Amino acid sequence: MNDSAAPRIAASTTSTVPSPTPAKPAPAKDKPRRRIVLERFLRHRLAVVGLVILSALAIACFGAHWIAPYPHNRQDLLLGAQQPSSAHWLGTDALGRDYLSELLFAGQVSLAVGICVALLSTVVGTAVGAIAGFAGGWADEVIMRVTDLFLIVPAIAVLALALQALGPSPVTIVLVLSALGWTMIARVVRSQVLTLRNKEFIQAARVIGASNARIVVRHLLPNLTGVIAVNVSLAVASAIILESTTSFLGFGIQPPQSSWGNMLSQAAGLIGTSQAYLLYVPGLAILITVLAVNFVGDGLRDAFDPQGRQ
Amino acid sequence: MTSDTTPVLSVRDLTVTYRTDSGPVTAVERLSFDVAPGETLGIVGESGSGKSAATMAIMGLLPRNATAEGSVLFRGRELLDLSDREMRPIRGKQLAVIFQDALAALNPMMTVGAQVAEAVSVHDASRGSQALRERTVELLDLVGIASPRDRVDQYPHELSGGMRQRVMIAMGIANDPALLIADEPTTALDVTVQAQVLDVIERVQERTHTSVLLITHDLGVVAGIADRVMVMYCGRKLEESPVDSLFHHPAHPYTTGLLGALPRIDRRAERLVQIPGQPPLPSERPTGCPFQPRCPHVVPSVCGDVDAPPLAIDATHTTACVRFHEIESVKR
C-alpha cells in the first residue's frame, strides 16, 4: 500500500499544473514558531554581532589544538619575554610561551566553566524557583529562606574553603560555582511564577483538567523562556568572572592548566614593566565574552516574546 | 441523550467564605439550585453578587483563603468531597468553563490550536498528533471559525476578540462535557459579536445536549438563550423562574428594579430608572433579606427574618421576598 501511494503523492507535489488551492494570503502566519523566533533574533543586530563574536571565540578556543600557532605550554626559556612580533602576535611570557596560544587554550577552560555553570545553575534554579513559586506555602518559605542564606554568605570565602576541601579541578569549580549561583535565577523564576500563577490562563489550564506538572512545564515555563534566556547569559558572564576571580586569587584553576583568570594573575606581576600590556589581553577576552553573551541574552529575550514586533 | 431528568448539577446550601484580614467574608450564602440535562440556566447578578465564587466552588478552584460548605452534586458525585487529583479527570472532561476574558484565559505562548488540542489530549492521550490536529480543526470549525486550518497555528494575540472567545468555547466543548459553565462569555465583546458567540453556544448545545450554566450581568443575554433564570444578590438567590415568567412577572423587588433599569426601545424616557443606593458591604449586610436597605417595600420587622424559606409562586417560580403577596395585592 505504501508502494502505490508514495509515487502518487510525489507526482502531485512535483506537478507543474497550477494548483487549485488559492495562494495563502498571509504566509508569515504559517511559519513554525522556531522560524519566527530565529527571524526575530536575526533582526536584533547587537545580538547577532554578539553571537558571531562568541562563535568565533568558541571555535578559536575549542579548536586551539589546530588553530593556535604554538602547542599548549610550549616553553622556550631561551626566548624569554618578547614584545609582539610577526612570529608571536601577542608576544611571549617570561617562560617563552606564545601568549596568543596560551590565551586560546586558557579560553577553553574559562568558556567551558562559564557555560557549564550557567546551564547547571539555571536548571537547578529554575526547578527550585518554579516549585517554590507554584507550590507556595511552607515549601516556598523554606526554599526562600535558603536562598536568603546564600545571599548573605560571602561567595569568595565559600569558594576558597570549598575548593580547598575538594581540590581545584575544573569540575569542582563548576560544581561549587553552580551551588552558589542557582539562587539568583531561583528568585527570579519564583517571582515570575508568583505573578503568572494567578493569571487566568493558568486557571484555564486547571479548568481543562491539567495536572500541576503539566501546568508548570507546558504553561508556566514557556512563558519564562525570555527571563530564563537572559538569566543564562548573565550567569555565563558572572561565572566567567567568578572563575577568573578565584583563579586570579590563586585557589581556582592551577598552573600549568591555565584560564583567563590565572593568566590575569600572572600578568599582574608585570605591572610597571614593558610587558604590562599582557594584563589587557585576558582582561579584554573576558570583557568581550561577557558583553557578547549579554547581547545574545538580550536578543533571545526579544525573540521569545510572542507579542514582540513581527 | 437519555430521557433522564435527574439534574446534572444539584447545588444545596452552598456557602463560600473568604478569610480576609478584616474577618471572614461570605461571598455565597446557602445557595441551592439544579441544572437539568440540556437546560440553560442563567445566573444574573451584579458584580460581587457571588456568581463567580459559586462557579469556582463548583469547579473546586477556590483560592486558598476560601472555603466552601454545603453540597455540590454533579452526576451523583459530591464534588466538594473530592481532592484536587480526583477533580482533574472531571474538569474539562465533564465539567467545562468558558471565561470572560479570552485573551487573559489563553496562554500567550501557545498557538490556539495547541491549546484546543491540549484540552482534548489531557483527557485522551490515545490520539496521534495528526488525528489530534484533525480534531482541533474540526472543533474550531464547529465554533464557526473561518479557515480553521490557518487559524490553528496562530497565537491568541493574532485573533480578534470574538475569535478568541470562540477558541475558548472550542476548548470548553472539546470533550462534550455534561455541563458547560459560561462565566460572562460575552461581556468583553462588541454587541454584534456577542450575538454571534451566543449563537455558537446555542448551536453547540443543540448538537451535544450539554447543559449550560450562563453567568452574566446582562439581562438581554439571559432573555436570549436561557431557559430558566436565577437572580443573585449579595451571595443569595433572590428569585428563580423560567425566563418568560421572570420578565413578565418579576416577583422580587430587586428583579423589578433591575428590569426597570433596562433601557426600553418602546418607551420614551428622560432618565433610566435606577435602584437607589449601593449593594451593602459584606460587613454591613442586614440580617434577613440583603436587599432591605434599597428596597421600596421594606418592612424591617418582616424582612429581617433570617430563616424565611423561599416562597413558591408556582411550580417553577420562587422568590425570596417574604412580602411578595402583600406587594402584589397593593399593585392590583
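## Helix crossing in chain A and strand pairing in chain B

In this predicted model, the axes of helix α4 (residues 45–62) and helix α6 (residues 99–135) of chain A come within 7 Å and cross at roughly 115 degrees. Axes are lines fitted to C-alpha atoms, for helices over the stretch in contact, and angles run from 0 to 180 degrees between N-to-C directions. Helices (H or I, at least four residues) and strands (E, at least two) are DSSP runs, numbered from the N terminus. Local features need pLDDT of at least 70 and side-chain atom pairs count only at pLDDT 80 or more, while totals for chains, interfaces and linings use all residues. Residues are numbered from 1 along each chain as its sequence is written, and chains are lettered from A and ligands numbered from 1 in the order in which they are written.

### Chain A

The two helices α4(A) and α6(A) are therefore roughly perpendicular to each other; angles under 35 degrees count as roughly parallel, over 145 as roughly antiparallel, 65 to 115 as roughly perpendicular and the rest as oblique. From α4(A), L57(A), A58(A), A60(A), C61(A) and F62(A) meet L104(A), G107(A), Q108(A) and L111(A) of α6(A), where contact requires C-beta atoms, placed from the backbone, to lie within 7 Å. Seven residues of this contact are nonpolar, two are polar and none is charged. Here Ala, Val, Leu, Ile, Met, Phe, Trp, Tyr, Cys and Pro count as nonpolar, Asp, Glu, Lys and Arg as charged, and the others, Gly among them, as polar.

Chain A has 14 helices and zero strands. Of its 310 residues, 41% are buried; a residue is buried if 20 or more other C-beta atoms lie within 10 Å of its own, exposed if 12 or fewer, and partly exposed in between. Among contacts in chain A with a separation of 6 or more, 69% join residues 24 or more positions apart.

E141(A) lies in helix α7 (residues 137–152) of chain A and is exposed, with 11 other C-beta atoms within 10 Å. Its C-alpha atom is separated by 15 Å from that of V189(A), 48 residues apart along the chain.

### Chain B

An open sheet of eight strands in chain B has the order β6-β7-β8-β3-β9-β10-β12-β11, with mixed pairing. Strands β6 (95–98) and β11 (311–312) stand at the edges with a single partner strand each, so one side of each is left without a neighbour in the sheet. Helix α7 (residues 161–173) of chain B lies across β6 and β7, running at about 175 degrees to β6(B).

Three strand pairs of chain B are tabulated; two strands pair if DSSP finds at least two bridges between them.

| Strands (chain B) | Sense and bridges | Residues opposite |
|---|---|---|
| β7 (179–183), β8 (211–216) | parallel, five bridges | A182(B), L214(B) |
| β1 (9–20), β4 (66–74) | antiparallel, eight bridges | R12(B), S71(B) |
| β4 (66–74), β5 (77–78) | antiparallel, two bridges | F74(B), R77(B) |

The hairpin of β4(B) and β5(B) has two residues between the strands, and R75(B) takes a positive phi near 50 degrees there. R30(B), in strand β2 (residues 23–35) of chain B, has a phi near 40 degrees, a positive value in a residue other than glycine. With 15 C-beta neighbours inside 10 Å, R30(B) counts as partly exposed. C234(B) lies in the loop between β9 (228–233) and β10 (236–242) of chain B and has a positive phi near 50 degrees. C234(B) counts as buried, with 24 C-beta neighbours inside 10 Å.

Technical notes
Contact = placed C-beta atoms within 7 Å.
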